[in-house]
Structures are given as C-alpha cells and as structure tokens.
Amino acid sequence: MSEKPVLRFVLGDQLSRQVSSLSDADPKRDVIFMAEVTGEATSVRHHKKKIAFLFSAMRHFAERLRDDGYTVDYLALDAADNPGDFAGALKQAVERHDPCGVVMTEPSEWRVLQAAHDWREELDVDLDIRADDRFLASHEHFVSWATDKDGGQPKTLRMEYFYREMRRRTGYLMEDGKPAGGEWNYDSENRKSLPDDIDVPERPRFEPDKITKQVMDLVAERFPEHFGDLEPFDYPVTRADAERYLDWFIAEALPCFGDWQDAMKEGEPLLFHSHLSALINCGLLDPRECCERAEKAYRNGDAPLNAVEGFVRQIIGWREFIRGVYWLKMPDYADVNALSAKRSLPAFFWTGDTGMNCLAQCIGETRANAYAHHIQRLMVIGNFCLLAGIDPREVQEWFLIVYFDAYEWVEMPNVNGMALFADGGFLASKPYAASGSYIHKMSDYCGSCRYSVKEKNGENACPFNYLYWNFLKENQKLLKSNHRMGLIMGQLDKMADDKLKAVDEDAKRFFASDEMKGY
C-alpha cells in the first residue's frame, strides 16, 4: 500500500518555491493544491488588473511546479465544481486525495488566518500552519523588539529604530558594525524636485501569453463592474520575468531612484521607482535577493548610497515594520479612528473626475495601472483623506481595492498609521499633513490645475491650502500636545480672526461642493 500524500495548500501570495509549506515537499508523494475562489476575488471589489495579475501568476507558478515534477491540483475559478471559497475548496481537495495531513504557510491577513484555524476543526486530517519565513523578522522577533522589559507594549513605535536593528541583523550596508557612509538614513538627499529635462528610462514590457490572455478574458467576464482598467496588461507574471524586471531596475532606474524618489510628474507614473512591490508581496521575488542585488550595485560603484539605502529601507525597514505593527495590533487596529473622521469618500475616488489635478492624475494612474508610488499614495491621496476627515474604514477599503500590491497587512497600517494618523500616533510621530505648496514643490501637477496653488483662500484657491489649516483647527485639542507639531500649532494660535473665518468658510463651501459628492 502506497504512502499517503501530504496536501500542500499554497495561497495566491505565496508563489515561491522557498515558501515554508513547500520547503520539504516530496514530488514523488505530495500534492500541491492551489485555488482561485470568488470569495477572495470579491472580499472587496478588487481592481480588475490585480485579479488578473494574481490569477495569471498563480497559473504560471503551477505550471512551473509541474515542469519540476510536482503533482499540482489546481482549481480554476470557472471550474464546474468550484465552491467559491477556500474552506469548501480545501475540503474537496482533502476528499480527492485522502492525504495524511495538510500543510500551509501562514496566511498574510488576519481574516484568512482566523478562517484557517476554523478549517482545522472542519477537516478530517491535521492542518499544519507554518510561519512565513520569507519575511526577515518573525512575529516573535517583532514582539520582542516592541515590548519593554516588563512585558508591556510601549505607546509608540518608531520605524527608524527598528530599521537600524534590521540593518545590524542582516548586515546590509554595514561596515565594521557601522552603517556604510556613516549615516543610517539618507532620506534628506532623496527629496529633490524633478528637472524638466529629466531622462526617464524606458521600462521593459511583458506581453500577455496564452495563459494571461485566458485569465484576462475570465476577469472581463466575471468582474466587469470592478474598479480599474484591465488593458493594457504588461506586468511580469512569472519568476523568470520578475527576475528580468529586477535586473532592469538595478541597472537602469536604481542609480537615480534616490534623488527623485519623492518626485511626481504628469504622464510619468513610475519615474525611477522599482515597481517591484507586487512581485515581492506575492512571492515571485524574495526581499532578500532584492536587497542583495541593490547592495551589490552600491559595492560595485553602479548605484549611489542614497539610492540603495532608500531602497533597502523600504524593504527591511518599512515593509517589515508595517507587517509587525499589523500583527501586533490586530484585530482592534482595523477600527482605530483617533481623529473621529467621519466624512464619506467622494465619488471622484472612483472616477478621477475632479478639478484638483494632483488627485485626478494619481487616481487616473491608479485606475489605469493598479499602482501609484508611495508619495502619490501618502502625500496626495492620503493627505487629502487626512485633511478632509474621511472615514478610515472607507479609505482602507479603497486602498485595498485599487492597488495590486495591496494586502490588508501592508495596506491597513499604512492607511491608519501613516496616512490618516487614525491610531493617534502609535506608528507615526506626527500627521503627514501638507498644504498645496508641498505638492507644487514635488510635482508639475499644479501648472495645469483648475485651482491656484498660490491662492490661500477663496473659490479659486487650492483646496489643500485651506483644508490644511481647517484640519489643524478641527483637531487642535489632540495635536497641540504633539511635540513635533508645536511650531505649526503656534502659528495657528496666532492666526488672525479674519483668516480663521476665511478658512472656516472655505472648508464648509468645499465640503458642500460637487467635489465631495458621494458615489
């Protein structure tokens, strides 16, 4: 009698041969199970391009495993017996293969992990949920770092100190126990305005193959009402193409990434950004290899330190820190709303139809690409939501829907902690609030805007200008105790009554205008 197989259940953001659920898989015995289910595709109304990317990447990964000699049981979305959810799909797979047990890597989202614990009770075999060791910091390591000696959690955490520990642990950009170049952080060198004559490198395009075209047809048929453009589609969906995209970034874009990583330019949605986040988050690229390739470019003299440090910090600093905060604070973190923001998300977040050109550009590019870079997300879209007092739950859902690199673990802390200050300062030391002058400095958006960034008040004034002061005024009680806000809150205290009245009138007019109408 043959030995029973182990059923290896691989989720759509675990597309790596090195993932813990596959680390000891036996191709002669085990069965790898993957499933496309409606329940996940519609948990929120995900961007059409996001669904197409993940389903295509999953199907290509399954083919790669088969080519390597593994038995793969792949449940397509349109299979006649697809039950539409992970629980039903996994139960069917267990019935088909009669395994001795099921092994999976820990889901990246709280909701799915809680469901997985329930599956343990429903299946007739043992379910082994393993840690996701693709991350450089385990849950235990982050909790240890975030917890004081007496076992209590501090009121605030700061990424910068976590990042320094990660540099020491990994050895990235370290020299004799000290940071390369003598500084931990070169962010001050990464805020340059983009020159008009900048030469942006041409990116490689990855044309859809037969599998991707089939997936695109499926998405167009099943999810026609979901947000976003499905075509053109030219993003990597295989490990080989992901590696080629990483090669291109290291050689062509990384050298200039540092200087202009905060810049924004109309018609150039990607500039020098890596555009690798979706590939890392789904497993086609490993965060370690990305850091190692970038560091090698610095050591070889092919990329400057400020660019490489900024890129490495995004991965071992922010990415790991955000994930740690998510698991540390869930499930309560989903409902934080320290500023009592209650306004609804305006309709233009779905259409891009707004007179504010910065938002029209960033939302339009998001609709087209399922992507916007971090400054567009934080300092334009997030900044507006902060200043306008948009309900954090609505903003969370929007970010989760529209970006193809978004999973709740990375989206929620960035929205609640960074963009909206909804956690009251647990993650960020101050609100990332800015008037139109910041956007004007870092982009060319204001030149073709219906509003004037130079005007502070009135119907033609940039709404960011008076909404900034209105935000400070509405939240004065909470913000006045923030030491990093002392200078600006002092300016608010000294503001003349007529100026305060103008801010109040402008804000009320804006909130009652067509710009703020709901969907």
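## Helix H11 and the five-stranded sheet

H11 bends by about 35 degrees at Arg 313. The structure described here is a predicted model.

Helix H11 comprises the 25 residues 305–329. At 1.5 Å a residue, a helix of this length should span 36 Å, and the C-alpha atoms at its ends lie 34 Å apart, which agrees. Of these 25 residues, 22 are buried, so H11 is largely enclosed by the rest of the structure. Buried here denotes under 20% relative accessible area.

The model also contains an open sheet of five strands, paired in parallel and arranged in the order E3-E2-E1-E4-E5. Strands E3 and E5 stand at the edges; each has a single partner strand, so one side of each is left without a neighbour in the sheet. From one strand to the next, the twist averages 25 degrees.

At one of these edges, E5 runs parallel to E4, and four bridges join the two strands. Within this pair, Val 102 stands opposite Leu 127 in E5.

Two helices are associated with the sheet. Helix H3 lies across strands E1, E2, E3 and E4, and helix H4 packs on the sheet, touching E1, E4 and E5. The table gives their residues and directions.

| Helix | Residues | Strands concerned | Angle |
|---|---|---|---|
| H3 | residues 86–97 | E1, E2, E3, E4 | about 155 degrees to E2 |
| H4 | residues 110–122 | E1, E4, E5 | about 155 degrees with E5 |

Methods
Residues are numbered from 1 along each chain as its sequence is written. This is a predicted model: local features need pLDDT of at least 70, side-chain atom pairs count only at pLDDT 80 or more; totals for chains, interfaces and linings use all residues. Side-chain values use heavy atoms; hydrogens and water are left out. The expected span of a helix is 1.5 Å times one less than its number of residues. The bend at a residue is the angle between axes fitted to the seven residues ending there and the seven starting there. Buried means under 20% relative accessible area, exposed over 50%, partly exposed in between (1.4 Å probe, protein chains only). Two strands pair if DSSP finds at least two bridges between them. Axes are lines fitted to C-alpha atoms, for helices over the stretch in contact, and angles run from 0 to 180 degrees between N-to-C directions. Contact means heavy atoms within 4.5 Å.
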